[in-house]
Every structure is written in C-alpha cells, then in structure tokens.
Amino acid sequence: MVIYKEALNAIAAGEVQEVNEESTPNYTTINELKGAGYVSARDDSADDFNCFNAIAITLQGRAYLAQLNATA
C-alpha cells in the first residue's frame, strides 16, 4: 500500500508524466493502479519495453488516496 500511496501522491502533484520498468514508480505499479481504476494512462509499450505516458489520477483514485493519507 505504501507504494500505491507514494505513486498516487506523486501523480496528484504532477510529478509523474511517464513511467517504465526502471522508473519510480514503475510500470507494474501504474499498471496495477490503472487496472483498479485509480489512474488513467496511455500504454506506449513496444516489443522490447513497457511504458506508460499521460498519467493522471482519476476521481476514484483521489478518493483512494484520501483514505491512504488518512491512515498515515
């Protein structure tokens, strides 16, 4: 959950525009958040690498982030 909290806080603050397998947050974390409906992102992956661009937090993601931040 800490990874999700850090990622969502960074996205909400506009600090994350693009992620790949080596970035922080990484592709897997954003993919999981996207699958849960907490972020929207354009998948620009290719055969030899995975990448998301245009990452934004959704309303559902903001509600989830508020819960995570409330639990410290």
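Two strands pair if DSSP finds at least two bridges between them. With that in mind, open the model, which is predicted, and start with the sheet.

**Stop 1: the sheet**

Select strand 1 (18–20) and strand 2, then add strand 3 (51–57). Together they form an open sheet of three strands in the order 1-3-2, and the pairing is antiparallel. Strand 1 and strand 2 are the edge strands, each pairing on one side only. Going from one strand to the next, the twist averages 35 degrees.

Strands of a sheet pair through backbone hydrogen bonds, either parallel or antiparallel. On one side of this sheet, strand 2 and strand 3 run antiparallel and are joined by four bridges. To find two of the pairs, select Asp43, whose bridge partner in strand 3 is Phe52, and then Val39, whose partner in strand 3 is Ile57. On the other side, three bridges link strand 1 to strand 3, again in the antiparallel sense. Here, pick Glu18 and its bridge partner in strand 3, Asn53.

**Stop 2: strand 3 on its own**

Hide the rest for a moment and keep strand 3. How many of the seven residues of strand 3 are buried? Five of them are, so strand 3 is largely enclosed by the rest of the structure. Select Ala54, which lies in this strand. Ala54 is not a glycine, yet its phi is positive, at about 50 degrees.

**Stop 3: Asp43**

Move to Asp43 in strand 2. Is Asp43 buried or partly exposed? Its relative accessible area is 40%, and since buried means under 20% and exposed over 50%, Asp43 counts as partly exposed. Show its contacts: beyond residues up to four places away in sequence, Asp43 touches Tyr27, Cys51 and Phe52. Of these, Phe52 is also its bridge partner. Tyr27 is 16 residues from Asp43 along the chain, and a distance label between the two C-alpha atoms should read 9.6 Å.

**Stop 4: helix 1 against the sheet and helix 2**

Bring back the sheet and add helix 1 (2–12). Helix 1 packs on the sheet, where it touches strand 2 and strand 3. The direction of helix 1 makes about 75 degrees with that of strand 3.

Now add helix 2 (27–35). How do helix 1 and helix 2 pack? Their axes are 10 Å apart and meet at an angle of about 85 degrees, which makes helix 1 roughly perpendicular to helix 2. On the helix 1 side, select Ile3, Tyr4, Ala7, Leu8 and Ile11; on the helix 2 side, select Thr29, Ile30, Glu32 and Leu33. By class, the residues of this contact are seven nonpolar, one polar and one charged.

Zoom in on Thr29, which is placed in helix 2. Thr29 has a relative accessible area of 8% and is therefore buried. Leaving aside neighbours within four places in sequence, Thr29 is in contact with Ile3, Tyr4 and Ala7.

**Stop 5: the core**

Select Leu8, Ile11, Ile30, Leu33, Phe52 and Ile55, which touch the most other members of the largest nonpolar core, a set of 18 residues. The elements that give two or more residues to this core are helix 1, helix 2, strand 2 (39–43), strand 3 and helix 3 (59–70). Which element gives the largest share of this core? Helix 1 does, with four residues.

Ile11 is worth centring on. Not counting residues up to four places away in sequence, Ile11 touches Val16, Ile30, Val39, Ile55, Ala56 and Ile57.

**Stop 6: two loops**

From Ile11, measure across to Thr58: the two are 47 residues apart along the chain, and their C-alpha atoms are separated by 10 Å. Thr58 lies in the loop between strand 3 and helix 3. Its relative accessibility is 22%, so Thr58 counts as partly exposed. Without its neighbours within four places in sequence, Thr58 has contacts with Gly37, Tyr38, Val39 and Ser40.

Finish in the loop between strand 1 and helix 2, where Pro25 lies. Display the backbone from Thr24 to Pro25: the peptide bond joining them is cis, with omega about -5 degrees.

Notes
Residues numbered from 1 in each chain as written. Predicted model: local features only at pLDDT ≥ 70, side-chain atom pairs only at ≥ 80, totals over all residues. Heavy atoms only, no water. Core = buried A, V, L, I, M, F, W, Y, C linked by side-chain atoms within 4.5 Å. Buried < 20%, exposed > 50% of the residue type's maximum accessible area, 1.4 Å probe, protein only. Contact = heavy atoms within 4.5 Å. Axes fitted to C-alpha atoms, helices over the stretch in contact; angles between N-to-C directions. Parallel < 35°, antiparallel > 145°, perpendicular 65-115°, else oblique. Nonpolar A, V, L, I, M, F, W, Y, C, P; charged D, E, K, R; others polar.
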